[in-house]
Every structure is written in C-alpha cells, then in structure tokens.
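The exercises below ask for the geometry of helix pairs, the burial of selected residues and some backbone features. Each task is followed by a solution that goes step by step.

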Amino acid sequence: MRKFVCVVVCVLWCVGCKDRAPEAPVKVKDSAPDKVHDMTHADLGVPADSGQRATSDMSDVALQDERQAWLEGLTHQPLEGWNGCELWQSEGGESKILTFMDGYDDMVPRLTLRGEKRGKDMYHEGHNVEMRGKRTASSHTLFKQNGQQIALNWRQMACGMKGFFVLRDSMFSQQDHPIANDDARALILPPAWVTKLAYKLKRGEPVANVSCAPVDDDDAWRVLLNGLGNRSVFGDFPESSSLNTALWLWMKEKHDVTDKRARNARHTMCVMHEHIEALMKVGKDGDWKAVIDAGAERIAWGDREYFGEDVRRDVIVPIFVESPDKKEIGEGKGLLWPEVAHGYKEGEDAELEEILSYARRSIYGRRLEDGAMALERYDISDRSQREHVAKVLEELVPKGAEGEVLWVWVTGELEEGKKLKGEDAVTNLKVMKEELVRGDGVNMSRIKWLSKPAVHVNRKVKGRARHDTLLEEVKRHRAGGFEHVSVTDSVSTLHALEQQAVTNAWPVK
C-alpha cells in the first residue's frame with residue numbers, strides 16, 4: 001500500500017516517494033529553458049535548476065551532495081508553453097513592454113493580467129489573486145486556469161522588467177491556490193512548518209506527519225479521515241480550516257466542485273507529507289539544524305521550479321512576511337507557528353531564539369543565493385522594530401559579505417488591525433539608516449528600501465494635477481532616502497498619463 005501511495009504521488013504531483021526518487025537534474029542553459037540534461041554530478045560552473053549548485057571548485061562537492069540529498073523526491077517538471085523570455089519577446093512580447101521617462105520609471109505599480117503591459121527596467125508588484133484570473137462561478141469554487149497556465153502567466157509577465165515583487169511565503173500566500181487550482185505547481189513548504197519540526201526535534205519530542213493517501217482513491221481517503229478520531233489530518237503541523245473543509249465536505253456533498261476541491265486539497269496534503277517525510281529523514285538523529293537547512297533548500301527549489309531559474313535570478317523578488325500580524329500568523333506567515341507566536345516576546349525563550357536566528361540565516365539566506373528577495377513589514381517609527389530589523393540585517397547582509405540585494409519594506413505607524421493603512425516610512429528612514437551605520441555590522445550597499453503604504457491618488461484627480469501629485473511623491477521619497485515609490489496606479493494608467501505629459505509638455509519635477 002505504501003509503495004502504491006508513493007507511485008501515485010510521484011507521478012501525478014511531481015513529489016516522488018523516497019524509494020523511487022531520482023537525482024534531481026541540473027539544467028544547462030540553452031535555447032529551451034525547460035529542457036533538462038541529467039548532469040547532476042557534472043562540474044558546470046553554473047547555478048543548478050534542481051537545487052544543487054554546480055561549481056568549478058571541487059572542494060564544494062561534499063556540500064553539493066548534501067544539498068542534493070535534501071531534495072530527495074523532488075523532480076523538475078517542464079512548464080508547457082514556456083520557451084524563455086527571449087523567444088517570447090521576439091514573437092510579439094516587446095509591444096507590451098513600455099519605456100517610461102525619468103520620475104515615472106521610479107514608480108512601482110501593481111501588475112494586472114488585463115493588457116499585460118509592464119515598464120522596461122521598472123520594478124512591479126504582482127498580486128496572487130489577480131494573477132490567478134477568473135473563478136468558475138463564485139469565490140468558493142475553482143479558478144478557470146489551472147496551475148500550469150498561471151505559472152506561464154507569471155513567467156511571461158516577468159519578461160522585460162527590472163524586478164517583480166511576488167508574495168510567496170505560506171500555504172495561501174503563493175501563486176497557486178492549494179484548493180481552488182487544479183495542477184498546482186511547486187507548492188511552497190511553509191517556513192513555520194520547518195521551524196516547528198526543528199523545535200520538536202531539538203526538544204526530543206515525537207512528531208506526527210501530515211496525513212496522505214492516493215489522491216484519486218476516495219475509499220482510501222474515507223478510511224483515513226474516519227479513522228483519525230481526535231487526531232488532526234495535519235498531525236503536529238498548523239491546521240488550515242479551509243483545507244479541512246475541502247477534505248471533509250466531499251463526503252457529505254457529492255458534486256463536481258466538492259470533488260475537484262477535495263482532490264486539490266489532497267494533492268496539497270500529500271505534497272506537504274512528502275516534504276515533512278524528507279525533513280524527518282534528515283533529522284532522524286535529532287539534527288535540527290540540518291532539518292532547517294534542508295527545508296531552506298526545498299523552499300528555494302520551489303522558487304526556481306515555479307518561475308524558472310533564469311527568471312528567478314534576474315527578475316523575481318520573492319517576499320517573506322517576516323513580521324506578521326496576528327491574522328497573518330493564523331494564515332501561516334512568518335517563522336512562528338500559532339501556538340507559540342501569539343504569546344511570543346522576543347528574547348524570552350533562548351531555545352526558540354536560537355532556532356529562529358538559525359532559520360533566518362538559513363531559509364532567508366538560501367533564497368538570497370538565487371537572487372534578490374524582500375522582507376516585510378516593519379514600522380520603523382517604533383524603536384523596538386528598528387532594533388529587530390538591525391538584528392535581521394546583521395544576520396543576512398553582514399558587513400563585508402557580498403551577495404544579492406535584500407529589499408526591506410517599511411512603514412510608519414499603521415492603523416490598528418490594518419496592514420496597509422496609516423503612515424508611510426518617508427520621515428523615519430533617515431533614523432533607521434543612521435542607526436545601522438553606527439552599528440557598523442551591516443553591508444548597506446546590499447539593502448534597498450520600499451515604503452508602504454503605497455501612494456494612492458484619488459481617482460477623481462486626473463490630468464496635470466495627477467501628474468504633478470505623483471512626481472511630487474517621487475521627489476518626497478527620494479529626499480527621504482528611497483529610490484523607488486510604490487503606487488496603486490496600474491501600468492496602463494501611468495503610461496496614459498505620461499503620454500499626456502509628453503504631449504502637453506508638463507514639467508517633470
């Protein structure tokens with residue numbers, strides 16, 4: 001029965017069982033970005049698509065072999081329809097890539113599927129729900145596009161721009177929906193699951209894995225669910241009421257939607273089961289640090305698998321909500337799981353602090369090896385949060401250490417219970433930077449800052465007044481130490497406004 005489970009999961013969902021796991025292949029750059037060459041042990045001198053970092057220094061071989069083992073069971077699945085940015089642009093994509101003048105090119109607009117336009121050499125924000133497209137009927141059914149089509153949307157959208165901020169840090173904050181998307185691709189292993197497993201291993205406590213049975217075997221799932229008793233289908237890991245509902249509802253309401261949602265939820269559960277099984281194998285002797293390192297490797301692999309190695313490295317800036325609020329903790333964001341997060345006070349639990357510090361350096365640091373990344377969201381008008389930011393930056397971008405850019409999204413004081421309403425960080429960044437420089441422990445050249453909330457100009461303000469307001473915000477942000485300005489305007493709106501400015505010779509302040 002176990003072998004049958006593994007075969008089904010491996011074939012249908014690209015997460016193999018441990019007895020059949022092939023070595024993850026290394027990708028060689030060529031004109032077909034998803035063509036896979038099985039050169040796992042080759043000394044290529046280029047980053048590996050599979051997670052193994054191929055090197056020209058043979059002294060690194062032991063490390064690469066260890067990383068390869070951490071990816072056991074994961075296999076690369078070429079994305080149908082994807083032939084790389086160069087080919088896509090030569091087939092008409094260039095017409096969707098716009099060039100903006102000074103001032104406008106410092107703005108960071110949110111990208112939408114409508115029109116697919118983006119600014120050349122500009123940064124943009126992606127929105128997971130928007131990029132999934134339309135639902136089949138209501139918000140509680142399914143998305144019309146499957147996971148493969150949505151992944152293709154993301155990759156094509158990224159072509160031609162300088163950077164694309166994407167939220168990818170937890171079960172429900174990633175590109176595919178774990179219940180409402182068929183054929184979800186490279187679902188993320190939530191970082192909080194990694195740290196909880198490490199915490200339990202460090203304390204010598206037993207761990208119950210997430211439940212899994214063959215995805216299309218209704219009878220097996222019926223037996224599994226009915227046999228749980230008081231135990232959770234999530235084992236010792238954070239529960240999701242949405243996934244629970246999807247798993248159970250199909251037994252009561254038998255129709256097409258509940259059936260598909262149940263199968264998607266089963267797929268998610270089995271992906272998580274295989275992730276945790278692989279980590280438990282790594283940590284069988286209580287090596288909690290190796291568990292975190294393996295989890296970091298699998299999370300980074302998922303980024304590359306979803307977006308493609310080149311697009312991830314050159315364009316994608318994945319975001320971790322490192323400082324989540326109470327609601328976001330319940331959604332699985334951050335490194336702390338709900339049982340400990342809600343009563344957590346930094347510095348009180350030395351054992352937990354050791355795990356969190358190691359996890360930040362390992363999980364966030366591993367992502368930084370593959371390209372830029374972002375952390376959010378910190379109220380830097382609050383001294384305690386500035387001190388926390390300084391500690392995190394010293395761990396990730398210490399002075400003297402070279403590497404990729406780390407973006408830090410900062411705010412002023414926000415309205416109670418609101419993530420993006422309140423004061424921006426323009427008046428506070430100077431103090432933050434001065435404290436970091438005095439601390440002398442951070443490589444300031446590797447840090448970029450973005451202020452939130454985004455600049456919002458009332459829709460009723462149009463023409464010259466809107467142009468002047470936006471350019472004044474660019475000027476204000478520059479004076480405050482920010483190179484870029486997050487705006488709520490779409491790319492199309494900015495382009496139309498800029499064309500008016502050019503036609504009417506409105507001044508650029």
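## Exercise 1: two helix pairs

In this predicted model, the axes of helix H10 (residues 288–307) and helix H14 (residues 350–370) come within 9 Å and cross at roughly 30 degrees. Classify the pair H10 and H14 by its crossing angle, and then do the same for H15 and H16.

Solution. Angles under 35 degrees count as roughly parallel, and H10 is therefore roughly parallel to H14. The handedness comes next: H10 passes H14 in a right-handed crossing. On the H10 side the residues that meet H14 include Trp288, Ile292, Ala296, Ile299 and Arg304, while the H14 residues that meet H10 include Ile355, Tyr358, Ile363, Arg367 and Asp370.

For the second pair, the axes of helix H15 (residues 383–396) and helix H16 (residues 429–439) come within 11 Å and cross at roughly 45 degrees, which makes H15 oblique to H16. The contact is formed by Arg383, Arg386, Val389, Ala390 and Leu393 on H15, together with Val431, Met432, Glu435 and Leu436 on H16. The crossing of H15 past H16 is right-handed.

## Exercise 2: the two sides of H7

Determine which residues of helix H7 (residues 218–226) are buried, and where the exposed residues Asp219, Val223 and Asn226 lie.

Solution. Begin with the buried set, which consists of Asp218, Ala220, Trp221, Leu224 and Leu225. Seen down the axis of H7, these buried residues fall within an arc of 160 degrees, so they line one face of the helix. An α-helix has 3.6 residues a turn, so residues three or four places apart point the same way. Asp219, Val223 and Asn226, which are exposed, are carried on the face of H7 turned away from its buried side. The cover over the buried residues of H7 includes helix H8 (241–252) and helix H9 (256–282). Finally, at the start of H7, a side-chain oxygen of Asp217 comes to within 3.2 Å of the backbone nitrogen of Asp219.

## Exercise 3: Thr141 and Lys430

Decide whether Thr141 is buried or exposed, decide the same for Lys430, and describe what surrounds Thr141.

Solution. Thr141 lies in the loop between helix H4 (128–131) and helix H5 (147–158), and because its relative accessibility is 9%, Thr141 counts as buried. Leaving aside residues up to four places away in sequence, Thr141 touches Arg135, Thr136, Ala180, Val257 and Arg261. With Thr136 there is also a polar contact between the two side chains, at 2.9 Å.

Lys430, in helix H16, has 58% relative accessibility and therefore counts as exposed. Its C-alpha atom is separated by 6.7 Å from that of Gly480, although the two residues are 50 apart along the chain.

## Exercise 4: backbone geometry

Find where the cis peptide bond that leads to Pro453 begins, and state what phi Ala186 has.

Solution. Most residues other than glycine have a negative phi, and most peptide bonds are trans. The bond from Lys452 to Pro453 is cis, with omega near 0 degrees, and Pro453 sits in the loop between strand S9 (447–451) and helix H17 (463–480). A further cis bond runs from Glu376 to Arg377, with omega near -5 degrees, and Arg377 belongs to strand S7 (residues 373–379).

Turning to phi, Ala186 has a positive value of about 50 degrees, and this residue is buried, with a relative accessible area of 17%. Ala505 has a positive phi near 55 degrees but is exposed, with a relative accessible area of 62%.

Conventions
Residues are numbered from 1 along each chain as its sequence is written. This is a predicted model: local features need pLDDT of at least 70, side-chain atom pairs count only at pLDDT 80 or more; totals for chains, interfaces and linings use all residues. Side-chain values use heavy atoms; hydrogens and water are left out. Buried means under 20% relative accessible area, exposed over 50%, partly exposed in between (1.4 Å probe, protein chains only). Helices (H or I, at least four residues) and strands (E, at least two) are DSSP runs, numbered from the N terminus. The arc is that of the directions from the helix axis to the C-beta atoms. Contact means heavy atoms within 4.5 Å. A polar contact is a pair of N or O atoms within 3.5 Å; within protein, one must be able to donate a hydrogen and the other to accept it, and residues adjacent in sequence count only if both atoms are side-chain atoms. Axes are lines fitted to C-alpha atoms, for helices over the stretch in contact, and angles run from 0 to 180 degrees between N-to-C directions. Angles under 35 degrees count as roughly parallel, over 145 as roughly antiparallel, 65 to 115 as roughly perpendicular and the rest as oblique. A crossing is left-handed if the near helix is turned anticlockwise from the far one by less than a right angle, and right-handed if clockwise.
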